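Here is a walk through one protein model with a bound ligand. The ligand site comes before the helix packing.

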Amino acid sequence: MEKTSLKTNSNSLLEEKILDWNLIQKSFQKAFGNEIYSSWLRHISLIKEYNDHVILGVKTRFFRDWITSRYADKILSELKNHKLSLNRIEFKIEPDNAGTKGVAANYSTGNVSDIKDSVLNYNRLNPNLNFENFVIGKSNNLSFLSAKKICGQLSRYNPLFIYGGVGLGKTHLLNAIGLELSRNNKVMFISAERFMYQFIKSIKRNEMVSFKDFFRKANVFIIDDIQFIRGKEGLQEEFFHTFNSLFDQSSQIVISSDRPPNKLDRVQDRIKSRLSGGLVVDIGTPDNELKLQILKKKILDYQNSFKENPDLKEEVINYIANYTNANIRELIGIFNRVVAFGKMSKKPLDVNDCKIILKDIYNSNKAVSIDKIQTVTSNFFSISLSDMLSPRRSRPLARPRQIAMFLAKRLTSRSLPEIGRKFSNRDHTTVIHAVKTVERLKEKNDELKRNIEELKSLILND
Ligand code: ADP
Ligand code: MG
């Protein structure tokens, strides 16, 4: 069971194909029978195909609901016969089946329904991380303009390299570029970590030819967090060749990093020089004005989605803006938290309430280290730390070990390889496997789920 699902996921990058809709219609006819086919399925059109999902068009809402509730699973499994990497279907209502334009733009309008069967959703563009939702200020204006610019003039500035600290909007901008360009281009959006994961899989399975083909087919190649390749020679070699072929065929390349190209230590010079050969821009820490603008935007979003006001006093908004200085992700997290508490408390919060709420997250966020997770977990299961970290594979040791890896991934910002290293130098693929295993078991096993909740609160609260 576990084996097959892993296999489906890991193969997915290499299975990219163009779906032949006529052929698929024929297989629907066979699989569902003539009656269902001609009443329902014949009218479905293929609007857009991505690596891991497709958008199918239907004529009315009623059609969509009928098909979704009765046939969606089977449609997905039929489609998987044609393209293994698919794990999701979306239906879009298109009254006159009017072509494919504007799909990406309409992606989040609500008349799309969604069936998922996979935890791995890479190469998936998040429809909310678009240019419209990106608030511009002094610190990110240049990056924003550069991102917009390359969308208007493909491969004029190649590569576009955006760098800056964590939580400042790099992934958001990369995603926005992907969304904008995916209307008319073949976009590949991947993190450097995923790129490596696929790379290693392909070597192991002797599938390097399809790996190379797959990435080189993109005419827009977006790679997030390139700093991940530091110190990884084999990966750098492959990345260099991928980069060159894409560049030679004038594909637009967009890269993000936590530091500028020349500061990427343990990266080959020839790569650094390629990375800085186009347009290099940085995204800085937000000033107060930008933080306030972002909070205003979040309040508007809240009003739009919940049709009510989050009721934040001016002083509270200012307090939140001042609370964190360097990180927009954190700013938004704090905002959400304060709003959630405000809703529960039934009276508008003041600054003092905020202090209490925020003290809480701060205490918990800062303290979590992998060491602590390991100690708490091994105590919890009454095994010794050294046994938990040992190579032994018996279930009473292996399960706690996997749970500890899972918690390390969830509760800290450490990367998979860093976590692997902390667990007696295990490979990052072992960590991925552990995370996935625990995630899966947790859904079926209530006791495990409770244990994990308990562990979390032990780790976060002491
Ligand atoms: P990074 O990749 O640099 O670590 P992200 O792009 O993941 O950061 O941004 C973190 C969070 O902050 C995301 O939710 C993102 O949407 C939000 N964010 C960052 N910059 C902005 C901005 N200028 N306007 C609105 N939201 C932003
Ligand atoms: Mg990011």
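How many nonpolar, polar and charged residues does the shell around ligand 1 have? The model is a predicted one, and in it the shell is made up of 8 nonpolar, 7 polar and 2 charged residues. Of the 17 residues around ligand 1, those that come nearest are Val 135, Gly 167, Lys 170, Thr 171 and His 172.

Polar contacts can be followed from Thr 171, whose side chain has an N or O atom 2.7 Å from an oxygen atom of ligand 1. At Leu 168 the backbone takes this part instead: one of its N or O atoms lies 3.2 Å from an oxygen atom of the ligand. Asn 140 addresses a nitrogen atom of ligand 1, with a polar side-chain atom at 3.2 Å. Ligand 1 exposes 560 Å² when taken alone, and the protein buries 88% of that area. Two elements, α7 (170–181) and α14 (328–345), give two or more residues to the shell around ligand 1.

The next topic is a pair of helices. Two packed helices are described by the angle between their axes and by the distance between those axes. Helix α9 covers residues 208–216 and helix α10 covers residues 233–248. Their axes come within 9 Å and cross at roughly 45 degrees. Angles under 35 degrees would count as roughly parallel, and those from 65 to 115 as roughly perpendicular; α9 and α10 are therefore oblique to each other. The crossing of α9 and α10 is right-handed.

Terms used. Residues are numbered from 1 along each chain as its sequence is written. Chains are lettered from A and ligands numbered from 1 in the order in which they are written. This is a predicted model: local features need pLDDT of at least 70, side-chain atom pairs count only at pLDDT 80 or more; totals for chains, interfaces and linings use all residues. Side-chain values use heavy atoms; hydrogens and water are left out. A residue is near a molecule or strand if one of its heavy atoms lies within 4 Å of it. A polar contact is a pair of N or O atoms within 3.5 Å; within protein, one must be able to donate a hydrogen and the other to accept it, and residues adjacent in sequence count only if both atoms are side-chain atoms. Accessible areas come from the Shrake-Rupley method with a 1.4 Å probe; for residues, only the protein chains shown count as cover. Helices (H or I, at least four residues) and strands (E, at least two) are DSSP runs, numbered from the N terminus. Ala, Val, Leu, Ile, Met, Phe, Trp, Tyr, Cys and Pro count as nonpolar, Asp, Glu, Lys and Arg as charged, and the others, Gly among them, as polar. Axes are lines fitted to C-alpha atoms, for helices over the stretch in contact, and angles run from 0 to 180 degrees between N-to-C directions. Angles under 35 degrees count as roughly parallel, over 145 as roughly antiparallel, 65 to 115 as roughly perpendicular and the rest as oblique. A crossing is left-handed if the near helix is turned anticlockwise from the far one by less than a right angle, and right-handed if clockwise.
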